[in-house]
Amino acid sequence: GDELDLATEEVSAEDAPFVKLVNLMLIEAIKEDSSDIHIEPGKVEVTVRIRIDGVLIKIMSPPMTSLNGMVARIKILSKLNIAEHRVPQDGRMKIKTSTREIDVRVSILPTVHGEKVVLRLLGSGEKTLTLTNLGFPENKLKVFRNWISKPYGMVIISGPTGSGKSTTLYAALQEIQSENINITTVEDPVEYQVPGINQVQIHETIGLDFSASLRSILRQDPDVLLIGEIRDEETANIAVKFSMT
């Protein structure tokens, strides 16, 4: 999608209300270091909530007359079809601020009151992805580092939406990354692109699901394997067998 530069953008008079509203929402979400933005249509107003540390918090309630303009603005930025309102759409865009660049995953879902939008802010935090700044107590960090440095075995990260599963996994990969080992990931979607790591994007529509990808990856001589989700028995079996070799 297009890149939105929040620091320098010029707004035309015609588009101003909706563009300013979307910009204001994005600026607030980034300032609060949130992981997601929800734009939810209701009967009389739109509810905008942001997820901070796993909890959704309401930040604004513009009137329903704002919805179409806000959604159209987001669709344009993420190169989606602005004329289509009946089916779900998924896209991506980039946001640039004076200090950082943020990838945004866009999901649009038709509801009875209009299109609901969820924006997932990827890498919105100012901190770099390291285990030391994720909030681990020192004793737990030592244990976790010991686990991820072993040449065999499995570490499973679980938790609710926005709790930091992906961030923890990527920080762990950054920690163990070395030119002496082959790290491969299977993800849906690839949330952060990490230099020096082989990342595979799932495409289920063409048959490239988790299990199909993993069968091929096992022939690629991997040392470390990151599986974004274990959705079925075959994926679980491959993961367990790989962890024991």
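This is a tour of a predicted model, going from its domains to its cores, one central strand and its salt bridges.

**Stop 1: the two domains**

Colour residues 4-122 as domain 1 and residues 138-243 as domain 2, following the domain assignment of the protein. Taken over C-alpha atoms, the centres of domain 1 and domain 2 are 30 Å apart.

Now show the boundary between them. Nine residues of domain 1 are in contact with six residues of domain 2. The size of an interface is often given as the accessible area lost when the parts come together. Here domain 1 and domain 2 bury about 590 Å² between them, and 49% of that lies on carbon and sulfur atoms. On the domain 1 side, select R105, R120 and L122: these lose the most area to domain 2, together 55% of what that side buries. A search for salt bridges between domain 1 and domain 2 gives a count of zero.

**Stop 2: the nonpolar cores**

In soluble globular proteins, nonpolar side chains tend to be buried together. The largest nonpolar core in this model has 30 residues. Start by selecting M25, L26, I37, I39, V106 and L119, the residues with the most contacts inside this core. Then show the elements that give two or more residues to the core: the helices α1 (16-31) and α2 (67-77), and the strands β2 (36-41), β3 (46-52), β5 (89-96), β6 (101-111) and β7 (114-122). Which element gives the most to this core? It is α1, with six residues.

Apart from this core lies another, of 16 residues; to find it, select L131, Y170, L173 and I183, which are among its members.

**Stop 3: strand β2**

Return to β2, residues 36-41. Is this strand largely enclosed or not? Six of its six residues are buried, so β2 is largely enclosed by the rest of the structure.

In a regular strand the side chains alternate between the two faces of the sheet. To see this in β2, colour D36, H38 and E40, which point one way, and then I37, I39 and P41, which point the other way; all are buried.

Next, add the partners of β2:

- β3 runs antiparallel to β2, and six bridges join the two strands. They form a hairpin with four residues between them. Label I39 and V48 to see a pair of residues standing opposite each other in β2 and β3.
- β7 also runs antiparallel to β2, with four bridges joining the two. Here D36 stands opposite R120, the latter being one of the domain 1 residues that lose the most area to domain 2.

Now centre on I39. Leaving aside residues up to four places away in sequence, I39 touches M25, V46, T47, L67, M70, I74, E115, K116 and V117.

**Stop 4: salt bridges**

Side chains of opposite charge can pair when their charged atoms come close. The structure holds 15 salt bridges; a few are picked out below.

Select K31 and E28. Their side chains meet in a salt bridge at 3.4 Å, N to O. Being three residues apart in helix α1, K31 and E28 are separated by about one helical turn. K31 is exposed, with a relative accessible area of 59%, whereas E28 is partly exposed at 25%.

Move to K58 and E45, whose side chains meet in a salt bridge at 3.9 Å, N to O. This pair links distant parts of the chain: K58 is in strand β4 (residues 55-60) and E45 in the loop between β2 and β3, 13 residues apart. K58 is partly exposed at 49% relative accessibility, and E45 is partly exposed at 31%.

The third pair is K94 and D103, with a salt bridge at 2.8 Å, N to O. K94 counts as partly exposed at 30% relative accessibility, as does D103 at 26%.

Finally, select D188, E204, E229 and R231, which are linked in a network of salt bridges.

**Stop 5: a loop arginine**

End at R100, in the loop between β5 and β6. Is R100 buried or exposed? With a relative accessible area of 16%, R100 is buried. Add S35 and draw a distance between the C-alpha atoms: the two residues are 65 residues apart along the chain, and these atoms are separated by 15 Å.

Note on methods: Residues numbered from 1 in each chain as written. Predicted model: local features only at pLDDT ≥ 70, side-chain atom pairs only at ≥ 80, totals over all residues. Heavy atoms only, no water. Core = buried A, V, L, I, M, F, W, Y, C linked by side-chain atoms within 4.5 Å. Buried < 20%, exposed > 50% of the residue type's maximum accessible area, 1.4 Å probe, protein only. Contact = heavy atoms within 4.5 Å. Pairing = 2+ DSSP bridges. Domains from an automatic or database assignment. Buried area = accessible area lost by both parts, 1.4 Å probe. Salt bridge = Lys/Arg side-chain N within 4 Å of Asp/Glu carboxyl O.
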